[in-house]
Amino acid sequence: MALLAAIRRRSLSAKLVVLGAVVTAAVVSVAFWALEVEIRANTRDVLTAQLARNQHTLQQLQTRDAQQLLFAASLIVGTPRFEAALSTYRLESYTGGTRRVELVRTVEDELRNSLRSVDADLLVATDDSGRVFASAGRSGSLLRNGASLFALAAVRHAIDPNAPADSGAMAVLRTDSGFVEVAVYPVVQDGFTLGSLVVGRRLNAAFASDASVASDAAVVLTAGDSIFAASDGALVKNSVASTLQAAAVSGPLATTVRIGRDEYVVAPVNLGETQEHAPVRVWMLQSLTQRVGALTAPLRSDFVFYGALAVAIAAIGAAIVARGVLGPFRRFVVHMRSGAEAQHQQGQFDARDEALEVRTLNESFNQLMDSLASRRRELEARSAELVAANVVLTDEISERARVEQALRESQAQLRQSQKLEAIGTLAGGIAHDFNNLITVISGYTQLALMRTDQTSPEAEDLRQVVEASDRAANLTHQLLAFSRKQVLQPTVLDLSDVVSGIAPMLRRIIGEHLVLRISSDTPLARVRADRGQLEQVILNLAVNARDAMQGGGVLTIETANVADRADARSVILTVRDTGIGMTHDVKERVFEPFFTTKEPGKGTGLGLSTVYGIVNQSGGTIAVDSELAIGTTFTITLPAAESVPCPDADGAEPSELPRGTETILIVEDAEDVRILTRRTLEERGYSVLVARNADEALEIATVREIDVLLTDIVMPRTSGPQLVNKYLATHPSTLVIYMSGYADEALSQYELDPATVFLRKPFTPAVLARTVRSALDTARGARTQSNAGSHTGSHTGSHAGATAD
Amino acid sequence: MGSTPPPPPPPSEQMAAELHNVVIYVDGDSTKLPADHELIDARRRGVMSQRGERFTPHVVPVVVGATVEFPNDDDVYHNVFSLSGAAGPQGFDLGRYPKGASRSITFTRSGTVQVFCHIHSDMSGVVLVLPNPFFASPDDAHHFAIDAVPEGTYTVVGWHDRIKPVTRRVHVTAGQTTTVNFNIPLPQGGDR
């Protein structure tokens with residue numbers, strides 16, 4: 001593979017040279033191979049024919065040999081002593097005579113004498129039963145006297161002319177020292193057979209080499225499946241024997257066999273059968289491989305020489321052709337490449353004197369370049385269009401991203417409002433049932449309290465129950481607000497009026513370390529909402545903002561017109577602080593009831609829930625945006641009211657409430673009550689001071705003239721009556737109004753002046769306003785009349801003070 | 001001992017010729033078969049001529065001690081030799097001799113003596129040396145007659161040189177002719 005890769009990287013001309021060489025070499029090789037195949041086939045035919053002739057010759061030689069042997073036998077048989085001896089033996093045997101040694105020796109002498117004059121290796125005389133009578137051989141006696149040769153068909157035939165003759169002229173006799181080809185001649189006297197004379201010639205290596213010389217082939221002698229002699233000792237092998245045995249089956253014709261790595265053409269000549277009926281054959285073997293090799297070896301060297309010459313010529317020719325053909329191409333390519341490197345189109349290649357192919361190529365190239373140039377112009381125009389389209393597309397994509405972002409946000413809001421809706425439904429249901437239960441608890445507790453001695457400890461316990469019931473009622477009220485189950489009294493109003501109306505109170509609530517900024521669009525579209533509820537919303541948000549800005553900051557309240565898509569106008573109210581901000585998790589749950597981040601006891605977790613409920617019930621939405629350490633912004637959107645505002649529709653009540661300009665000091669430890677009371681009175685025109693406890697009140701009293709002291713009765717450390725006692729000691733003309741959530745009877749322990757004005761919590765702003773006005777008017781009258789006091793009873797109002805969260 | 005030959009079948013010419021080579025004799029030596037000297041002397045002489053390259057007659061029966069003459073009646077040299085044990089372990093060889101010459105030899109032991117001619121291998125003859133004179137060759141009527149055989153029980157042998165001897169036991173009563181029939185299978189192929 002590496003070689004192939006190396007060739008692939010070579011130049012075209014190198015490849016051409018290699019190709020020429022390889023093709024030529026392949027052609028020469030194939031030609032040689034074809035020639036060798038042809039030679040082999042021809043040689044085989046020649047050898048086969050030659051061996052067939054040799055077969056014939058050898059058979060003729062055998063026949064002649066047999067005739068010679070038989071002639072020799074006839075001569076021997078005709079000697080009188082030989083015949084006489086056999087005849088004598090026969091006659092003596094009739095009368096029980098044995099093979100007398102004299103007779104045997106006589107015959108042996110005769111045979112030995114004969115051996116000298118005939119070309120035979122073995123002479124055997126048999127009696128008329130085929131038994132060996134005597135024998136003589138060139139290398140001694142080869143057969144035991146008395147041994148029967150009756151098994152030899154030739155012997156049988158000689159003894160008994162009626163017995164079938166051997167197919168061949170001769171037979172083969174196996175002796176103790178080897179195989180002998182024999183001819184058998186009958187010994188006859190007076191027409192009667194006396195026995196036979198066996199004349200033999202040894203089948204040994206000498207015979208094989210003689211036959212080899214005669215046939216110009218290797219010769220192997222086999223008996224049955226074994227080799228007993230060969231002209232070439234190397235052929236005496238079992239493998240050769242078995243191969244020849246197999247070849248013998250196919251008949252007497254010459255065949256081709258494979259012996260070892262060589263191919264041979266072999267042909268047999270039958271010599272006859274032994275006394276054991278083993279066929280004996282002379283095999284002539286011609287090595288096809290050697291003969292072909294002898295023919296092809298010189299041919300091969302010729303082919304190698306002329307093949308190499310042809311390869312070289314082909315390679316040189318290919319090189320010349322490559323140079324002639326590829327040279328112009330190379331010049332052309334070099335020209336074009338230099339043009340390409342110079343990055344500009346040079347003058348066209350001069351191909352007039354080049355070959356036709358190069359001219360055609362040059363023409364095509366020029367056409368290609370023209371085509372490329374026009375195509376490039378098209379491309380530039382197309383890409384300009386694409387750039388423009390891309391700009392449009394980018395805009396569309398960013399617009400889509402914006403829309404998707406907005407969609408995601410609104411989906412998040414939707415999920416949030418759905419969650420709050422579910423919670424509100426749950427909380428509203430609970431609150432409703434709780435309200436009922438609390439009414440029962442409170443009612444029966446008050447009944448029990450009435451029947452109880454007010455000074456007894458049980459009465460105190462019951463009062464605690466009543467108080468707890470009131471607080472529970474308050475909580476359920478807020479839950480109802482959140483779940484939008486409370487009754488609203490909407491009026492068309494200006495939101496900036498609401499803000500500016502509550503602003504003084506907000507300033508006091510948030511304290512001096514915070515800056516309050518209020519701004520508004522003018523004119524501002526009007527909205528339809530419950531004024532008191534809106535005030536509570538702003539109050540709650542402001543208190544939260546203050547708590548978020550312990551270290552100081554700015555509280556911004558803005559009202560503005562917003563035109564939304566539907567062309568319907570909305571008004572937004574923004575409450576923004578620069579406080580600690582909220583985490584995402586807190587922001588997610590900020591409107592949930594009872595969710596608070598304040599310390600236990602500091603908040604109920606209902607402030608923002610209430611806000612949420614009120615805004616929703618008013619048909620608006622509320623959103624919160626917060627970032628840690630930066631601040632939080634609540635944005636309330638309310639639909640603009642389409643109808644013309646009628647400020648007097650529901651505003652009658654506040655305007656009907658009595659007003660005043662006196663200075664009132666409120667002493668109240670419950671902050672919510674304190675704020676609500678202060679707001680109500682400030683709205684009515686009063687100048688209001690507040691104190692969280694008796695000490696603060698006394699301090700204020702030293703610097704300010706006070707017309708009315710409005711104080712809670714039950715307070716930590718110094719109670720309301722104790723404060724009043726101290727205060728009246730220095731300011732006896734000051735009007736005192738007590739407020740308390742406790743029942744009248746519960747206050748008896750404080751030994752209040754029966755003329756004391758008492759305001760029962762919870763009270764409505766209206767009740768407060770009327771009670772204060774009435775008390776002031778009464779006191780003025782009393783001072784005028786030096787008498788009189790009124791006891792303004794009050795009842796539980798349905799509106800309670802707000803709890804800012 | 002008188003013999004009345006049975007009516008023989010008409011023999012063929014070849015058969016007739018071959019029958020002349022048959023000898024019938026009584027087995028037994030002279031102690032058992034006393035014979036008068038006249039008979040013995042008569043049978044102690046035999047002649048086997050060499051004529052037409054043949055030993056004639058082919059078979060010559062004699063009594064032990066007989067001398068047989070081998071005259072050469074042919075124009076060519078002949079030889080007489082034998083390898084038979086009855087003529088001594090080495091047989092004998094009378095050498096070659098021309099026409100008119102004759103040689104003889106005395107056979108001192110009974111037995112079958114085959115004689116051959118050294119020059120003419122086809123020539124052969126048999127001198128049948130018997131222990132007693134009681135033997136017979138066929139007469140013209142192809143009968144074999146043996147006279148004056150003493151009373152007793154004998155083995156009678158039918159002899160031919162191509163076959164094994166055929167024997168018969170026979171009781172000979174004094175004054176009577178005892179007839180013995182032989183069936184001798186003559187071998188085929190003979191051509192002499």
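**Exercise 1. Find out how strands β1 and β5 of chain A pair, and place them in their sheet.**

*Solution.* Start with the pair itself. In this predicted model, strand β1 (residues 122-127) of chain A and strand β5 (residues 192-203) of chain A run antiparallel and share 6 bridges. For a concrete spot to click on, take A:V124, which sits opposite A:V198 in β5(A).

Now zoom out. The pair belongs to an open sheet of 5 strands in chain A, ordered β2-β1-β5-β4-β3, and the pairing is antiparallel. At the edges you find β2 (132-137) and β3 (171-175) of chain A, each paired on one side only. Going from one strand to the next, the twist averages 30°.

Last, look for helices against the sheet. α2(A) lies across β1, β4 (178-189) and β5 of chain A, at about 45° to β4(A). α3(A) lies across β1, β2, β4 and β5 of chain A, and its angle to β5(A) is about 125°.

**Exercise 2. Work out the strand order of the open sheet in chain A that has β7 and β8 at its edges, and say which helices lie on it.**

*Solution.* Read the order off: β7-β6-β10-β9-β8 of chain A, 5 strands with antiparallel pairing. The edge strands β7 (226-230) and β8 (255-259) of chain A each pair on one side only. On average, neighbouring strands here are turned by 40° against each other, ignoring direction.

Next come the helices. Helix α2 (residues 12-77) of chain A packs on this sheet by touching β8, β9 (262-273) and β10 (279-287) of chain A, and its direction makes about 20° with that of β9(A). Helix α6 (residues 205-215) of chain A lies across β6, β7 and β10 of chain A, running at about 135° to β6(A).

Then check one strand pair in detail. Strand β6 (residues 218-223) of chain A is joined to β7(A) by 4 bridges, and the two run antiparallel. On the residue level, A:T222 has A:I227 in β7(A) as its bridge partner.

**Exercise 3. Decide whether α3(A) is roughly parallel or antiparallel to α4(A), and list who touches whom.**

*Solution.* First, the geometry: the axes of helix α3 (residues 80-94) of chain A and helix α4 (residues 101-117) of chain A come within 9 Å and cross at roughly 155°. Angles over 145 degrees count as roughly antiparallel, so α3(A) is roughly antiparallel to α4(A). The crossing of α3(A) and α4(A) is left-handed.

Second, the contacts. From α3(A) come A:R81, A:F82, A:A85, A:T88 and A:Y89, and they meet A:L103, A:T106, A:V107 and A:E110 in α4(A). Sorted by class, this contact has 5 nonpolar, 2 polar and 2 charged residues.

**Exercise 4. Do the same for α11(A) and α16(A).**

*Solution.* Helix α11 (residues 495-510) of chain A and helix α16 (residues 671-683) of chain A have axes 10 Å apart and pack at an angle of about 150°. That angle makes α11(A) roughly antiparallel to α16(A). The handedness of the crossing of α11(A) and α16(A) is right-handed.

For the residues, pick out A:P504, A:M505 and A:I509 of α11(A), plus A:I675, A:R678, A:R679 and A:E682 of α16(A). By class, the contact of α11(A) with α16(A) counts 4 nonpolar, no polar and 3 charged residues.

**Exercise 5. Is A:Q478 buried or exposed, and which residues does A:Q478 touch?**

*Solution.* Locate the residue: A:Q478 is part of helix α10 (residues 457-482) of chain A. Count the neighbours: 25 other C-beta atoms lie within 10 Å of A:Q478. The cut-off for buried is 20 or more, so A:Q478 is buried.

Then look past the sequence neighbours. Leaving out residues up to four places away, A:Q478 touches A:L606 and A:T610. A:L606 is 128 residues from A:Q478 along the chain, yet their C-alpha atoms are separated by 6.6 Å.

**Exercise 6. Describe chain B and its side that touches chain A.**

*Solution.* Begin with the fold elements: chain B has 2 helices and 14 strands. Of its 192 residues, 31% are buried. Take the contacts in chain B between residues at least 6 apart in sequence: 61% join residues at least 24 apart.

Now the interface. 21 residues from chain B and 21 residues from chain A take part in the contact. On chain B's side, strand β10 (residues 111-116) of chain B gives the most, with 3 residues. That side divides into 6 nonpolar, 10 polar and 5 charged residues.

Note on methods:
Residues numbered from 1 in each chain as written. Chains lettered and ligands numbered in written order. Predicted model: local features only at pLDDT ≥ 70, side-chain atom pairs only at ≥ 80, totals over all residues. Contact = placed C-beta atoms within 7 Å. Nonpolar A, V, L, I, M, F, W, Y, C, P; charged D, E, K, R; others polar. Pairing = 2+ DSSP bridges. Axes fitted to C-alpha atoms, helices over the stretch in contact; angles between N-to-C directions. Parallel < 35°, antiparallel > 145°, perpendicular 65-115°, else oblique. Left-handed = near helix turned anticlockwise from the far one by under 90°. Buried ≥ 20, exposed ≤ 12 C-beta atoms within 10 Å, placed from the backbone.
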